[in-house]
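Biologist: I would like to learn how to read the features of a structure I have not met before. Could you take me through them one by one, giving the general idea and then the case in hand?

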Amino acid sequence: MTHDNQLLPTPPLFTEFPFRYAVPVLAPGDLRCTAAQRDSFRRFTQVGDPLADDVVAMFKRLPVGEGRRMFEIAVERGIDTVPNAPAELTAFFGQVETDPYWLDRTKIDRGARVVERTSVWGGIAMGMFALMGGYLASRADKTLVGTGDLDAMAPRRLAETTQWWLDVTTPGGLQRNQVGYKSVLRVRLMHALVRAGMNRRPDWNYEAWDHPVNQVLTVGTLGLFSMANLVGAQALGLRFSAQEKDAVFQLWRYVGFLLGIDAEILPTNETDTWRAFWILADTEFIPDEDSRRLAQALVPAAGGLFIGTDTAAQRLIRRVITSYMVAYSRIVLGPTNSDFLGLENSKFFQSAVMATAVVNGALEVPRQLIPGATHFQERLGARIRARLVRGSIARNGGDRTYARHDTYAARTTLRAG
């Protein structure tokens, strides 16, 4: 291990278009790090979530369904309402029910309103930049590929992801008795259940893939929802002030706390998130065949965020929307990554995306100048976003408890990746 102050070379991802030009403009300063800094971060690829993992072990110790029942009571009403709660459950909820000293709920609600303002453009950025780009991280893909049929699961997985995003980025949603808070805790448990299942796989390659659903991958996922979502919306012409971005990163810092990310690597602000992304770009964003498989499953599911396939007109509109969304992916991910993922190269729809960015950018000027315009955009965006997500869930299914993952921890083998 190298412990000198020599900075590591730029990750290959950042040498390619468009990252080569976008990162120096968008990133808050020099992101480069030393080998020692990289290695201190990478230590957490071998760490899961001890508190949540203990809860999963408790599930297996108790009669079938009893652990989940107590967990749900604690999620809905607090750990104090669970009679004779096991020590594992008490420890888990002792952590999440203790507000960290830095928590600023006013700022968190402001961050949620900023995300609401992104409306449909934020949804496109989340699906086709954050999620699609996340598939370039091939180690993270092993778990996704291993948990089910990709083509069948992609629509529901996308619908549930957007539902979760809506839950946690609605003002007030992260209050203790609100749906966003509950959704984060259920996703954290789901991660632990999947991690237990992956650890039982005889073919899990720890040397090549690291610990399943590890802390570094969770930090990466957090960055996709925070930084990548903002950058993806900026690519479509939206603009955010420094205070707005700070509020968004405060929101996701609290989500990361609830997800059990270790304080040593939990990003506290935009700069931390970009620094983590620099290391992830160097060590995680190495696509392979699973990246392509996940991308190809996502493409036909993407249009389901907006419209169904019941009529010929709907199917036609969905094809147009899908082509537009894929064109957006090509622009923000660049030709090298897009070609690897097998994304269609339509100059027509890429032109349409760029025209959208120009129009949105022009509209941002009066929005920033006219009193009340930003508040109006937030309310309008919230309504549009909620309607789209409700429609997506109705068409594709979805379960906020993620209880279907309870069986993963009990399996001796899972579908090979």
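Modeller: What follows is a walk through charged pairs, aromatic rings, backbone angles and surface patches, and please keep in mind throughout that this is a predicted model.

Biologist: Let us begin with charged side chains; how many salt bridges are there, and which residue forms one with E88?

Modeller: The general idea is that side chains of opposite charge can pair when their charged atoms come close. In this model the count comes to 29 salt bridges. One of them joins E88 to R61, with the closest N and O atoms 2.7 Å apart. Because E88 belongs to helix α5 (residues 87-96) and R61 to helix α3 (residues 50-61), this pair ties together parts that are 27 residues apart in sequence.

Biologist: Which residue does the side chain of K182 meet in a salt bridge, and is K182 buried or exposed?

Modeller: The partner of K182 is E76, at 2.8 Å from N to O. Here K182 sits in helix α9 (residues 179-199) while E76 sits in helix α4 (residues 66-77), so the pair links parts that are 106 residues apart in sequence. As for cover, a residue counts as buried when its relative accessible area is under 20%, and K182, with 12%, is therefore buried, whereas E76, with 36%, is partly exposed.

Biologist: What can you say about K245 and E270, and how far apart are their closest N and O atoms?

Modeller: Those two residues form a salt bridge in which the closest N and O atoms are 3.6 Å apart. K245 is part of helix α12 (residues 242-258) and E270 is part of helix α13 (residues 270-283), so the bridge ties together parts that are 25 residues apart in sequence. K245 is buried, because its relative accessibility is 18%. Salt bridges may also share partners, and in this way R68, E72, E76, K182 and R186 are joined into one network.

Biologist: Turning to the rings, how many aromatic pairs does the structure hold, and where do Y254 and F257 lie?

Modeller: The structure holds 15 aromatic pairs. Among them is the pair of Y254 and F257, which is stacked, with 6.1 Å from centre to centre and 15 degrees between the planes. An α-helix has 3.6 residues a turn, so residues three or four places apart point the same way. Y254 and F257 fit that idea in that both lie in helix α12, three residues apart, about one turn of the helix. Both rings are under cover, since Y254 is buried at 0% relative accessibility and F257 is buried at 15%. In another pair, W274 and F277 are arranged edge-to-face, with 6.0 Å between centres and 70 degrees between the planes. W274 and F277 are again three residues apart, about one turn of the helix, this time in helix α13, and both are buried. Beyond the pair, F14, F19, W274, F277 and F285 form one aromatic cluster.

Biologist: How should I read the backbone, and which peptide bond is cis?

Modeller: Most residues other than glycine have a negative phi, and most peptide bonds are trans. In this model the peptide bond from F17 to P18 is cis, with omega near 5 degrees, and P18 is placed in the segment before α1 (19-26). D210 has a positive phi of about 70 degrees although it is not a glycine. This residue lies in the loop between α10 (206-209) and α11 (215-235) and is buried, with a relative accessible area of 4%. V213, in the loop between α10 and α11, also has a positive phi, near 45 degrees, and V213 counts as buried at 14% relative accessibility.

Biologist: Finally, which residues form the positive surface patch, and which make the nonpolar one?

Modeller: The general idea is to look for residues of a like kind that are not under cover. The positive patch is formed by R379, R383, R387 and R390. Of these, R390 is found in helix α17 (residues 373-396) and is exposed, with a relative accessible area of 54%. The nonpolar patch, of about 310 Å², is made by V365, L369 and I370. V365 has its place in helix α16 (residues 347-369) and counts as partly exposed, at 45% relative accessibility.

Note on methods. Residues numbered from 1 in each chain as written. Predicted model: local features only at pLDDT ≥ 70, side-chain atom pairs only at ≥ 80, totals over all residues. Heavy atoms only, no water. Patch = residues over 30% accessible without salt bridge, like charges linked within 9 Å, V, L, I, M, F, W, Y side chains within 5 Å. Areas by Shrake-Rupley, 256 points an atom, 1.4 Å probe, with all protein chains shown as cover. Salt bridge = Lys/Arg side-chain N within 4 Å of Asp/Glu carboxyl O. Lys, Arg positive; Asp, Glu negative; His and termini not counted. Charge placed at Lys NZ, Arg CZ, Asp CG, Glu CD. Helix = DSSP H or I, 4+ residues; strand = E, 2+ residues; numbered from the N terminus. Buried < 20%, exposed > 50% of the residue type's maximum accessible area, 1.4 Å probe, protein only. Phe/Tyr/Trp six-rings, centres within 6.5 Å; stacked < 30°, edge-to-face > 60°.
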